[in-house]
Amino acid sequence: MLAIFHQAFANPPEELKSPASDKSKPKLPKETLNEFLSHHPENTFSMNFGEAAVLSYVRQNQRLFCGVEDIYCLFMGSLNNLCVLNRQYGLTKGSNEAMFVIEAYRTLRDRGPYPADQVVKDLEGSFAFVIYDSKPGNVFVALGSDGGVKLFWGIAADGSVVICDDKDVVKASCAKSYAPFPPGFMFHSEGGLMSFEHPMNKIRAMQRIDSEGVICGANFKVDKYTRINSLPRRGSEANWTQWDSHDA
């Protein structure tokens, strides 16, 4: 799967951008999309949202795409407890993982008092998903902690954020400004990057050095020894698009 978001709608950590990328000639989003589509010319779907975003995926097993009321989801992997989650959220037995993620996002964004980290932590399985809430322009990304699914992200030539499960696509697009998306983490365009397994611990950015000795985008890990006393609550306490986490 591939998702590209204009920098106005996604604000990744500054450490993701490498100073060496200016010399390595990263690509523009259109070039990246064309390369991704060329890898799978017969079974790839893509959807454009003007200059704001592009979503694309390959029609294969364990890769899903769904859109409901201006909310769109790319999902890869599977949830072992999908049936239980569907019952919990009042969905039919035939609802797939992408449908569930949209419903969970929409329900908790509008009405739910639960913190986002707890919701994602309740998902059992190997998974990665990208949500684009097109009306407000919000981006939400999460990657399961078991390592069964890989995801990469980086910064393109125009500052856009590129998210893809194909390392070669991200590397070609973002030059040195790319890194693996950290397992057990989630990212929101307004709330930033945080661990849903350890939401009260700070995050450390660790420099990545490639085989040529050049600094690449950083790896992000939980600092197990440093805790956050409290997380600021912004906007409505019931809005999932504003981070709202448990107190320490």
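This is a short selection tour of a predicted model, from the whole chain down to single residues.

**Whole chain**

Start with everything shown as a cartoon. The chain has 6 helices and 14 strands. Colour by burial next: of the 248 residues, 52% are buried. Add the contacts with a separation of 6 or more; 62% of them join residues 24 or more positions apart. Then switch on the surface. Its accessible area is about 12,000 Å². Carbon and sulfur atoms hold 47% of that area.

**Helix H2**

Select residues 29-39, which form helix H2. Show side chains for Pro29, Thr32, Leu33, Glu35 and Phe36, which are buried. Look down the axis: these residues span an arc of only 160°, so they sit on the same side of H2. The general rule fits this view: an α-helix has 3.6 residues a turn, so residues three or four places apart point the same way.

What do the buried residues of H2 pack against? Add these selections to find out:

- strand E1 (2-5)
- strand E2 (44-49)
- strand E3 (53-58)
- strand E9 (161-164)
- helix H6 (167-174)

Keep E1, E2 and E3 on screen for the next stops.

**Strand E3**

Select 53-58, strand E3. How many residues of E3 are buried? The count is 6 of the 6, so the strand is largely enclosed by the rest of the structure. Check both faces. Ala53, Leu55 and Tyr57 lie on one side, and Val54, Ser56 and Val58 on the other. Each face is covered.

Now add the neighbouring strands. E1 and E3 run antiparallel and are joined by 4 bridges. Pick Phe5 and look across to E3: Ala53 stands opposite. E2 is also antiparallel to E3, with 6 bridges between them. Pick Phe49, and its bridge partner in E3 is again Ala53.

**The E2-E3 hairpin**

Zoom to the turn. The hairpin of E2 and E3 has 3 residues between the strands. Select Gly50 there and read its backbone torsion: phi is positive, near 60°.

Move along E2 to Thr44. Is Thr44 buried or exposed? Its relative accessible area is 16% and the cut-off for buried is under 20%, so Thr44 counts as buried. Display its surroundings, leaving out residues up to four places away in sequence. Thr44 touches Phe36 and Leu37. Its other contacts are Ser56, Tyr57, Val58 and Arg59. Phe36 is one of the buried residues of H2, while Ser56, Tyr57 and Val58 are buried residues of E3.

**The second largest pocket**

Turn on pocket display and choose the second largest pocket. Its space is about 260 Å³. The lining has 14 residues. Select Pro29, Lys30, Gly50, Glu51 and Val54, the ones nearest the pocket centre. Which element gives the largest share of the lining? H2 does, with 4 residues. H2 and E3 each supply at least two lining residues. Gly50, the hairpin residue with positive phi, is thus back in view.

**The E4-E5 loop**

For the last stop, select strand E4 (63-68) and strand E5 (71-79), with Glu69 in the loop between them. Asp70 lies in this loop too. Read both phi values:

| Residue | Phi | Burial |
|---|---|---|
| Glu69 | near 50° | exposed, 60% relative accessible area |
| Asp70 | near 70° | partly exposed, 29% relative accessibility |

Positive phi occurs here in a residue other than glycine, at Glu69 and again at Asp70.

Terms used:
Residues are numbered from 1 along each chain as its sequence is written. This is a predicted model: local features need pLDDT of at least 70, side-chain atom pairs count only at pLDDT 80 or more; totals for chains, interfaces and linings use all residues. Side-chain values use heavy atoms; hydrogens and water are left out. Buried means under 20% relative accessible area, exposed over 50%, partly exposed in between (1.4 Å probe, protein chains only). Contact means heavy atoms within 4.5 Å. Accessible areas come from the Shrake-Rupley method with a 1.4 Å probe; for residues, only the protein chains shown count as cover. The arc is that of the directions from the helix axis to the C-beta atoms. Two strands pair if DSSP finds at least two bridges between them. On a 1 Å grid over the protein atoms alone, a cavity is a set of points where a 1.4 Å probe fits but cannot get out, and a pocket is an open set with protein on both sides within 12 Å along at least five of seven lines; lining residues have an atom within 4 Å of a point. Grid points are joined across faces, edges and corners, and a volume is the space filled by probe spheres set on the points.
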